[in-house]
Amino acid sequence: MTGRIPLTKPSPSIPGEPYRPKAFNGEAVPFGVTAFREGHDRIGVHLRLFSPSGDESLHAVAPLENGLDRWATTVAPLEDGLWTFRFEAFGDDFLTWQHAADVKIAAGVDVELMREMGALLFDRARDEKDRSAAERKTLAGAAAALRDAKIDSQGALAVVRDPAIAGFFAQRPLMSIASTGPTLELLVERERAGVGAWYEFFPRSEGAKRLKDGRVKPGNLRTARARMPAVRAMGFDVLYIPPVHPIGTTNRKGRNNSLTAEPGDPGSPYGIGAAAGGHDAIAPELGSMADFRAFVRAAADNGLEVALDIALNASPDHPWVTEHPEWFVTLPDGSIAYAENPPKKYQDIYPVYFDNDPAGIYAEVLRVVRHWIAQGVTIFRVDNPHTKPLEFWEWLIATVNADRPDVVFLAEAFSRPEVMQTLAKAGFQQSYSYFTWRNTKRELEEFFTSIATETADFMRPNLFVNTHDILTEYLQFGGRPAYVIRAALAATAAPTWGVYAGYELFENVARPGSEENIDNEKYEIKVRDWEGAEAAGDSLAPWITRLNEIRRDHPALRQLRNITIHWSDDDAILVYAKHLPADLSPTGVSDTIIVVVNTDPHSVRQTMVHLDTRVWGVAPGDPYEVEDLVTGAQWTWSDHNFVQLDAFREPVHILHVKEIR
């Protein structure tokens, strides 16, 4: 039943769902509840938190003063595991008296009664043993002052409004009636589950060389290690690689997804399985299992975690096809159905079908995942999880995380919103999102607001700017400014973002009529001259490096829920800020970043931007200092400021607000 003081709509939560909300270690999590009581008496609300190790803490919850009886506070949990929490409400006797006394004494109504009621409250508080001697002395003096016949109304009001006394009761309220809400859960996962910079490359392309006769000598797991220092130097934390398993020869795809493979065509790494093995094996051309373990160790030496693709696909040559034909769909003509994503067809892939032998498939995939964990992999990017049963992923992730809570799963699910979001609720620590196709100012405002509020209790978006499957029209036709703009947006709007190799070389030519690179790396080996491009000033690597440096230096950018959208007079100038107060910052210093972006890669824009400076503690109209973290320029700003952003020279301001004291 409802308590004496109703407590409703607690958050974080996933209302109406059987899933628990989640956060990452160090995330500033907003806790909120709706609380009220009858009449005009004042209430207070506390949040009681229990850490996984059993530590208990109590946090004051403040009213939002928005007329909706909503109360909130923000806490950053610093321990991995399952937290529990509950809200507690109580009648706040001091605030009730203070409000009534302030109104009545000023109006000359019930003055003596209000003074004596206050004195009795102070007597009661004075007798509480947990108050300091100095506090008790002040309270005794205040009670005596209220009872002094010589005190006038102004003197009494001075006691009523005394901020020191109010501070005593804010720290230790005088409580009467009370209610306790239900105990709720919050899963806190390791920081990398919510914060990181991802870089994707194909090991077979790294170290590849073009021979004099025009043929390409592929790279492998050993040669790819040479690329790791450059990846780390750009500031990335996670190195994501597509499947490294043997690739089938039956129906192997050729260049640009052609149905005929020519001699030397390596095939798609998603056409998994051959005579050399299946999902638990290494493609011979890439090396051995020992080479893979050495690859993972080398990544760790470079400060990188390896993320491996899980793709539940089988080529016609996969051992599963002969050993477990029931794991696939057999058509009336006796053939096995290949994968389709109309109008795309994948003749080199059989999708796994769960309905005939779910127990067998569950056990096999769990075995495969644990095999790669044993090789040192702690992050998995899951290919097309929305094409497999939701209950399977819920079971697999829960089973793996029960033994290894450090293992992170990323859902590559560009699917309908409900499907994508439910996969996140069911356990995926990270998710691809619609960021790739949100390009205008209005689209980005709506998207950034939604990921920071509507879905933040369960979904952590990884803002990849491109993938080996996706080259958007914005990048195809926006020129180099588009690449600069999209990287800045991804790196500053969310705590996790990603880049697929070739982005820094502005690879923007698509296969006609598609959103996919021509000469797609899925079907051929790429030979790239990273060092030559950078030496010629023809690489985006310095910009990416600077973005990751800024992220590393500014903890506000490593948070998901702290974005606020501000305003500009131009329909292409996007303005947002990320603020982290000192008490939630790992540095103990507040951190505020203002990002102003020209979202039109074809123009020069100038406009006024309008900021709600109260977000970072500056009164409207007051000046404050900002530094552009890209150019080093410094300005004095206020709440209304002129900007000019040239897409071809300087399309973005990333401004640090100097600490407000």
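Visitor: What makes A133, A134 and K137 of α3 count as exposed?
Guide: Exposed is the word for a relative accessible area over 50%. In this predicted model, A133, A134 and K137 get that label, and they sit on the other side of α3 from its buried residues.

Visitor: And which residues of α3 are buried?
Guide: The buried ones are E135, L139, A142, A143 and L146. The label needs a relative accessible area under 20%.

Visitor: How do you know that the buried residues of α3 line one face of the helix?
Guide: Look down the axis of α3: the buried residues fall within an arc of 100°, so one face is what they line. There's a general point behind this, too. An α-helix has 3.6 residues a turn, so residues three or four places apart point the same way.

Visitor: What do the buried residues of α3 pack against?
Guide: Four other helices: α1 (93-107), α2 (111-126), α4 (153-160) and α5 (163-171).

Visitor: How does the reach of α3 compare with what is expected at 1.5 Å a residue?
Guide: α3 runs over residues 133-147, which is 15 residues. The expected span is 1.5 Å times one less than the number of residues, and that comes to 21 Å here. From first C-alpha to last, α3 reaches 21 Å, so set against that rule the helix comes out close to expectation.

Visitor: Why is E135 called buried?
Guide: Its relative accessible area is 5%. The cut-off is under 20%, so E135 qualifies. E135 is in helix α3, and beyond its neighbours within four places in sequence it is in contact with F168 and R172.

Visitor: Why is Q429 called buried?
Guide: Q429 has a relative accessible area of 1%, and buried means under 20%, so the label fits. Q429 belongs to the loop between α12 (417-425) and β21 (430-431). Leaving out neighbours within four places in sequence, its contacts are K22, E189, A193, I397, N401, V407, V408, F409 and R460.

Visitor: Why is A72 neither buried nor exposed?
Guide: At 26% relative accessibility, A72 falls between the 20% and 50% cut-offs, so it counts as partly exposed. A72 is in strand β6. Setting aside neighbours within four places in sequence, A72 is in contact with F31, G32, V61, A62 and L64. Take V61: it is eleven residues from A72 in sequence, with the two C-alpha atoms 5.3 Å apart in space.

Visitor: What makes E65 and its phi worth a look?
Guide: E65 has a positive phi of about 55° although it isn't a glycine. E65 is found in the loop between β5 (56-63) and β6 (70-75). With a relative accessible area of 69%, against a cut-off of over 50%, E65 is exposed.

Visitor: What about the phi of N256?
Guide: That one is near 55°, again positive in a residue other than glycine. N256 lies in the loop between β13 (238-241) and α8 (289-301). Its relative accessibility is 24%, so N256 counts as partly exposed rather than buried.

Visitor: Where does a cis peptide bond turn up?
Guide: From S11 to P12, with omega near 10°. P12 is in the loop between β1 (7-11) and β2 (22-24).

Visitor: How many cavities of 30 Å³ or more does a search of the whole structure find?
Guide: Three. The largest has a volume of about 80 Å³. In general, rolling a probe the size of a water molecule over the atoms shows where empty space is left.

Visitor: Which residues line the largest cavity?
Guide: The lining is H245, H279, L308, D309, I310, A311, L312, W320, V365, V368, V369 and W372. Both β14 (305-310) and α10 (358-374) supply at least two of them, and α10 gives the most, with four.

Visitor: What is the make-up of that lining by class?
Guide: Nine nonpolar, two polar and one charged. Asp counts as charged, and D309 is in the lining.

Visitor: Stepping back, what does the chain come to in secondary structure?
Guide: It has 17 helices and 32 strands. The C-alpha atoms fill a box of roughly 105 × 55 × 45 Å along the principal axes. Of the 661 residues, 56% count as buried.

How values were computed: Residues are numbered from 1 along each chain as its sequence is written. This is a predicted model: local features need pLDDT of at least 70, side-chain atom pairs count only at pLDDT 80 or more; totals for chains, interfaces and linings use all residues. Side-chain values use heavy atoms; hydrogens and water are left out. On a 1 Å grid over the protein atoms alone, a cavity is a set of points where a 1.4 Å probe fits but cannot get out, and a pocket is an open set with protein on both sides within 12 Å along at least five of seven lines; lining residues have an atom within 4 Å of a point. Grid points are joined across faces, edges and corners, and a volume is the space filled by probe spheres set on the points. Helices (H or I, at least four residues) and strands (E, at least two) are DSSP runs, numbered from the N terminus. Buried means under 20% relative accessible area, exposed over 50%, partly exposed in between (1.4 Å probe, protein chains only). The arc is that of the directions from the helix axis to the C-beta atoms. Contact means heavy atoms within 4.5 Å.
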